[in-house]
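Dear colleague,

I am handing over the structure below, and after it you will find notes on one pocket and one helix pair.

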Amino acid sequence: MRLLIVGTLKGQLTTATKIAMENGATVTHAETSDQAMNVVRGGKGADLLLVDVGLDIRDLVMRLEAEHIHVPIVACGISNDARAAVAAIHAGAKEYIPLPPDPELIAAVLAAVANDARDLIWRDEAMGRVIKLAQQIAGSDASVMITGDSGTGKEVLARYVHSRSARAKRPFISINCAAIPEHLLESELFGHEKGAFTGAVARRIGKFEEATGGTLLLDEISEMDVRLQSKLLRAIQERVIDRVGGTRPVPVDIRIVATSNRNLSEAVRAGTFREDLLFRLNVVNLKIPPLRDRPADILELAQHFAKKYAEANGLPVRPLSAEARRVLTANRWQGNVRELENTIHRSVLMAQGDEIGPDAIITPDGDRLDLAKTAPAVAHATLAAEQVTRALVGRTVADVERDLILETLKHCLGNRTHAANILGISIRTLRNKLNEYADGGIPITPAGNGGGDYQRIATAG
């Protein structure tokens with residue numbers, strides 16, 4: 001956890017620094033917003049900014065957003081002034097902390113923002129084999145590829161490997177290759193020099209340099225454009241990077257961990273992923289089984305989440321009833337651990353009595369999980385599936401794919417992000433398909449929500 005404290009506050013932040021360091025945080029100080037910007041551009045990075053409420057927080061937020069630097073801000077002040085707190089939140093701060101700081105409050109904020117201390121919970125032997133391999137290779141500097149369905153815990157396993165490596169006390173830097181637009185990803189990875197492109201107001205250190213000495217996680221690397229993959233390959237092979245607009249190579253010392261929820265061998269055959277890059281990354285493959293294939297983990301994780309969210313919401317810790325456990329183990333968990341976690345969070349909030357019963361195990365719509373698919377609904381779905389199958393005969397795959405994408409986009413009222421999630425493809429792939437259809441003269445449902453999909457993607461961290 002890297003904490004950047006901005007401001008002076010008459011020495012009150014000295015106490016906050018001590019508390020943060022006692023909770024394992026690495027602390028850097030800056031007295032002004034200009035100094036803070038220099039710190040985050042300069043490679044030290046930050047997972048959280050603790051900012052004096054007397055500074056212009058809105059201006060700092062806007063400057064960070066303009067340079068696509070995504071870091072949460074918590075404001076703090078020497079009095080418990082409700083107006084100051086409200087103003088700070090409106091300006092873009094996530095939270096307001098009165099000073100002098102309460103040790104438990106500071107510790108709670110650090111834990112909530114970092115969210116990096118996620119325990120690796122497992123009991124099933126299928127997962128045990130993956131953990132054993134991870135332990136065996138953790139101490140090396142070999143590149144690691146972690147594969148598995150969405151929601152299985154690929155990033156958690158990546159952090160586990162880092163924590164057991166010789167680099168454990170150095171930075172663990174993560175970047176989601178699918179969440180950042182192609183034209184920005186190169187700068188995010190390798191950094192840029194001042195004036196390299198419009199908006200490059202100062203030198204910016206990229207993730208490679210920020211992770212020097214530690215581990216760089218390339219999340220969902222299968223979504224990276226092929227042209228950028230060649231530059232990534234050189235960086236891995238030569239241990240040097242070129243900043244955008246730079247004139248000399250910069251040496252780096254990192255370990256690469258990459259994740260993908262897609263079959264990269266198929267991507268290689270399709271020409272969307274470089275085979276030589278796959279060989280470089282796939283020195284060791286940690287393949288996480290879907291949750292439905294490790295049933296012993298379902299109850300172990302459910303009990304962990306039940307305790308976690310009871311404590312987080314100030315509720316009593318309730319055990320899962322026998323019937324609730326049966327419902328959980330019988331479910332398919334298409335969303336894997338992420339879906340299970342959300343389900344248990346809801347059950348903690350809905351449960352009544354001394355146990356979490358099946359009535360509290362509900363879907364987001366409020367239906368009981370085990371009753372969400374009634375017999376008539378299943379029969380209707382089967383009939384509909386048969387009709388769809390008959391309608392597909394005699395059509396090309398490309399035509400079927402096009403109609404599926406366009407109908408899904410229409411169903412989502414033009415919201416590209418929602419459509420991509422439903423289709424199980426990246427937003428970049430969806431955009432490419434829609435551009436292809438538009439070039440062919442096919443009408444496309446206009447972007448919903450005021451066309452805000454691209455903006456959300458461009459500002460996602």
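Helix H19 gives the most to the lining of the second largest pocket, with 4 residues; helices here are DSSP runs (H or I, at least four residues), numbered from the N terminus. This is a predicted model, in which local features need pLDDT of at least 70 and side-chain atom pairs count only at pLDDT 80 or more, while totals for chains, interfaces and linings use all residues. Residues are numbered from 1 along each chain as its sequence is written, and side-chain values use heavy atoms, with hydrogens and water left out.

The second largest pocket (on a 1 Å grid over the protein atoms alone, an open set of points where a 1.4 Å probe fits, with protein on both sides within 12 Å along at least five of seven lines) is lined by residues with an atom within 4 Å of a point. There are 21 lining residues, and Ser222, Glu223, Arg262, Thr272 and Thr429 lie nearest the centre. Besides H19 (427-439), helices H11 (264-270) and H17 (397-411) each give two or more residues to this lining.

As for the helix pair, H8 (residues 182-190) and H10 (residues 226-238) pack at an angle of about 10 degrees, with axes 11 Å apart, the axes being lines fitted to C-alpha atoms over the stretch in contact and angles running from 0 to 180 degrees between N-to-C directions. The two helices H8 and H10 are therefore roughly parallel, a term for angles under 35 degrees. Leu185 and Leu189 are among the H8 residues that meet H10, where Leu228 and Leu232 are among the partners, contact meaning heavy atoms within 4.5 Å.

Best regards

How values were computed:
Parallel < 35°, antiparallel > 145°, perpendicular 65-115°, else oblique.
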